[in-house]
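Trainee: I have this model open and would like a close look at one part of the fold and what packs around it. Please go through it in one connected pass, with cut-offs for the terms you use.

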Amino acid sequence: MKARQEPARSQTPAPAGRPKRTPKGAGPPAGGPMGAGHMAALQRTVGNGAAAALIARGGHPEHQARHGHPASAGTVAAVPVQRLFKSSKSGKSGKKGQTSDSGPAPQSSAQAAAHAAPSVAVHPADDPLRRDELKFPDPLAGGADRFADLLKNARKSGGSEGELRVLADHELAFKRFLMNSTDEPLEEAIAIRNGFISKKSLSMRSSTGELKGQLQGEVNRLRTELDKRKAADRSQKMIPGQREQRVLHALRSGGDAPVLAPEDLPVYHALKGRAVDWTKLHDVQAMSLILVERRGAEVAGRERDAAGERFAKSPWFAPYKDAGLTVENMLADTHRHLLNASALMTNMQFGNPAEASSTISLLTGGPDVTFKNYWETRSSGGQAASALRGSREEHLGYKDALNRTHGKFQNPAPDDNHDRFNPPDPSLLPKYAALMSRNRPAGLPAYGEAAVHWKPGLRDRITLTPIDSWQNGVGGARGVTGSRDLYPLLAHGPEQVVRLAVAEATDFRFDPEMKSQVASGSVNELQEYFEAQIHGPLNWSEVDRIVLHRSTWTQEQKTHLELFARKYGLDIRVETH
């Protein structure tokens with residue numbers, strides 16, 4: 001979601017998203033109309049509905065007057081939690097002669113995930129292949145012996161080429177079969193293959209051994225798919241639950257950590273030191289930060305490894321290795337650089353100060369004017385697609401705040417005609433910014449001539465995605481991480497943005513090409529960035545400086561902003577670029 005400001009009539013910092021583009025891969029309509037009864041059922045089966053109740057009655061003092069009911073930390077802790085996850089079938093066959101005698105296989109990462117504590121969200125790399133409504137037959141439904149005869153006849157009639165054609169057709173059919181929407185056919189397929197593998201009467205010909213090896217590989221793939229499905233079904237799916245409520249209660253009580261389970265203490269300690277007044281954040285905003293912090297901690301190790309692999313394979317990293325710098329040290333140095341030396345900014349279309357409806361005029365109506373999000377204005381300088389925005393923000397922990405009324409939860413291919421939302425309080429939803437190099441002070445001028453640089457303290461209540469959060473996969477909203485866990489950015493962020501961060505961390509000593517781009521100013525032509533999501537209210541007290549890129553009204557904007565800052569005693573610098 002691009003860090004671009006709304007059109008002149010709006011006060012909304014632009015959500016991320018390329019301007020006016022149609023999302024690729026839009027799929028068929030998902031879901032149907034959902035009334036209050038349907039929503040209640042959805043909350044019982046997918047989430048606990050606690051956040052929805054908190055929204056309805058207000059989650060902090062600022063909302064008590066609006067809703068008429070206070071929500072104390074004690075009330076939060078007392079909210080009943082529905083069962084989050086459905087059980088899955090054991091998959092035991094029970095058929096005589098259809099069990100493998102090969103002994104237990106080493107536990108895979110998918111098996112470990114299936115039997116571990118439920119994750120806060122499934123990593124995109126661990127997604128099951130299952131697709132709704134798909135029903136493909138097992139290519140061995142007629143028995144493995146029949147397939148063995150088919151291979152034998154193919155070899156006789158067509159030689160190795162004939163055999164390869166049969167194997168290729170089988171592999172294609174097997175891949176489709178793995179996408180079946182139900183588990184039972186996959187469990188039966190394991191039994192069929194194990195029955196063939198365990199037969200003692202089979203000859204020891206090499207072709208038979210090869211077939212056994214192939215079928216054992218298919219058994220492993222089937223088990224991996226079933227394990228992934230089990231882990232996905234048990235996942236919390238970024239829906240706030242009892243754990244988040246307990247952590248929030250501890251954060252608000254000022255040190256009630258002993259009541260927390262051991263697995264919640266790291267998240268509590270990580271958030272306790274942040275410059276955040278947890279009593280002033282609405283519950284859904286606070287629990288979004290907690291959910292993302294948990295998610296970042298869950299994937300930190302694998303994402304650090306992924307970032308290291310990326311560095312090691314990148315051609316631009318060769319000079320660092322030649323100089324004796326290790327991947328491990330460069331990862332740590334670049335991570336530290338992003339934490340301490342990057343800038344958080346949002347580009348906005350300020351427009352003409354002489355027009356009362358321009359963004360700059362609306363924002364400077366007083367010192368307490370707030371920056372608004374898309375849901376409050378329903379307009380955007382990026383892409384005003386409610387279906388896509390809402391479906392992605394469900395991955396940020398805002399399920400109940402969004403109040404989906406139509407369509408499939410977290411739909412990967414949303415459609416404005418079928419995915420609809422009706423937020424009861426739009427102000428609760430996030431605003432957007434970009435985490436940028438300080439060598440790019442104008443930010444993203446194509447998305448707004450005014451780059452609003454936010455104060456460093458605001459980073460304590462942001463979350464981050466490696467690229468535009470509208471994207472599918474690990475780079476978008478599903479790859480969200482906390483403000484201190486930045487390895488996902490280095491693993492999956494834009495190539496040139498990552499390269500620039502590495503070069504800056506070493507003062508450009510090993511990347512003269514990037515140094516030249518900074519010196520010439522061509523680095524400002526980059527349109528890529530790490531995206532940031534801002535949780536909670538946003539007003540002029542959070543602004544550090546404003547950098548104005550050349551436009552028709554640059555001088556008028558500068559004068560207008562300086563007069564506004566002096567009038568209200570705001571410590572805001574205004575610069576031109």
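Mentor: Lys558 lies in helix 21, where helices (H or I, at least four residues) and strands (E, at least two) are DSSP runs, numbered from the N terminus. This is a predicted model, in which local features need pLDDT of at least 70 and side-chain atom pairs count only at pLDDT 80 or more, while totals for chains, interfaces and linings use all residues. Residues are numbered from 1 along each chain as its sequence is written, and side-chain values use heavy atoms, with hydrogens and water left out.

Lys558 has a relative accessible area of 19%, so Lys558 counts as buried; buried means under 20% relative accessible area, exposed over 50%, and partly exposed in between, with a 1.4 Å probe and protein chains only. Leaving aside neighbours within four places in sequence, Lys558 is in contact (heavy atoms within 4.5 Å) with Leu548, Val574 and Thr576.

Helix 21, residues 554-568, also holds Phe564, which leads to the aromatic pairs. Rings of Phe, Tyr and Trp (its six-membered ring) pair if their centres lie within 6.5 Å; planes under 30 degrees apart count as stacked, over 60 as edge-to-face and the rest as tilted. That rule gives 11 aromatic pairs. One of them joins Phe371 and Trp540, tilted, with 5.4 Å from centre to centre and 55 degrees between the planes. Phe371 is in the loop between helix 14 (359-363) and helix 15 (374-377), and Trp540 is in the loop between strand 8 (530-534) and strand 9 (543-548); the pair links distant parts of the chain, 169 residues apart. Phe371 and Trp540 are both buried. Trp540 forms a tilted pair with Phe564 as well, at 5.0 Å centre to centre and 55 degrees between the planes. Trp540 sits in the loop between strand 8 and strand 9 and Phe564 in helix 21, so this pair ties together parts 24 residues apart in sequence. Phe564, like Trp540, is buried.

Trp540 appears again in the largest nonpolar core, a set of 50 residues in which Phe311, Phe350, Trp454, Trp540 and Ile546 touch the most other members. Such a core is a set of buried Ala, Val, Leu, Ile, Met, Phe, Trp, Tyr and Cys residues joined through side-chain atoms within 4.5 Å. Helix 19 (residues 495-505) gives the most to this core, with 6 residues. Apart from it lies another core, of 19 residues, among them Ala154, Val166, Phe177 and Ile197. In soluble globular proteins, nonpolar side chains tend to be buried together.

Trp454 touches Phe371 too, and its other partners include Leu344, Ile534, Leu538 and Glu542, not counting residues up to four places away in sequence. Those last four are also the contacts of Leu458, with neighbours within four places in sequence left aside. Leu458 is in the loop between strand 5 (450-454) and strand 6 (462-465). Its relative accessible area is 1%, so Leu458 is buried. Its C-alpha atom is separated by 9.8 Å from that of Arg274, 184 residues apart along the chain.

Phe311 belongs to one aromatic cluster with Trp316, Phe317, Tyr320 and Phe510. Tyr320 is in contact with Asp511, whose other contacts are Arg499 and Ala503, leaving aside neighbours within four places in sequence. Asp511 lies in the loop between helix 19 and helix 20 (512-520). With a relative accessible area of 3%, Asp511 is buried. From Asp511 to Pro319 the distance is 7.5 Å, C-alpha to C-alpha, across 192 residues in sequence.

Phe508 is also in the loop between helix 19 and helix 20. Its relative accessibility is 13%, so Phe508 counts as buried. Phi of Phe508 is near 65 degrees, a positive value in a residue other than glycine. Lys237 has such a positive phi too, near 60 degrees. Lys237 lies in the loop between helix 8 (206-234) and helix 9 (242-253), and is partly exposed, with a relative accessible area of 25%.
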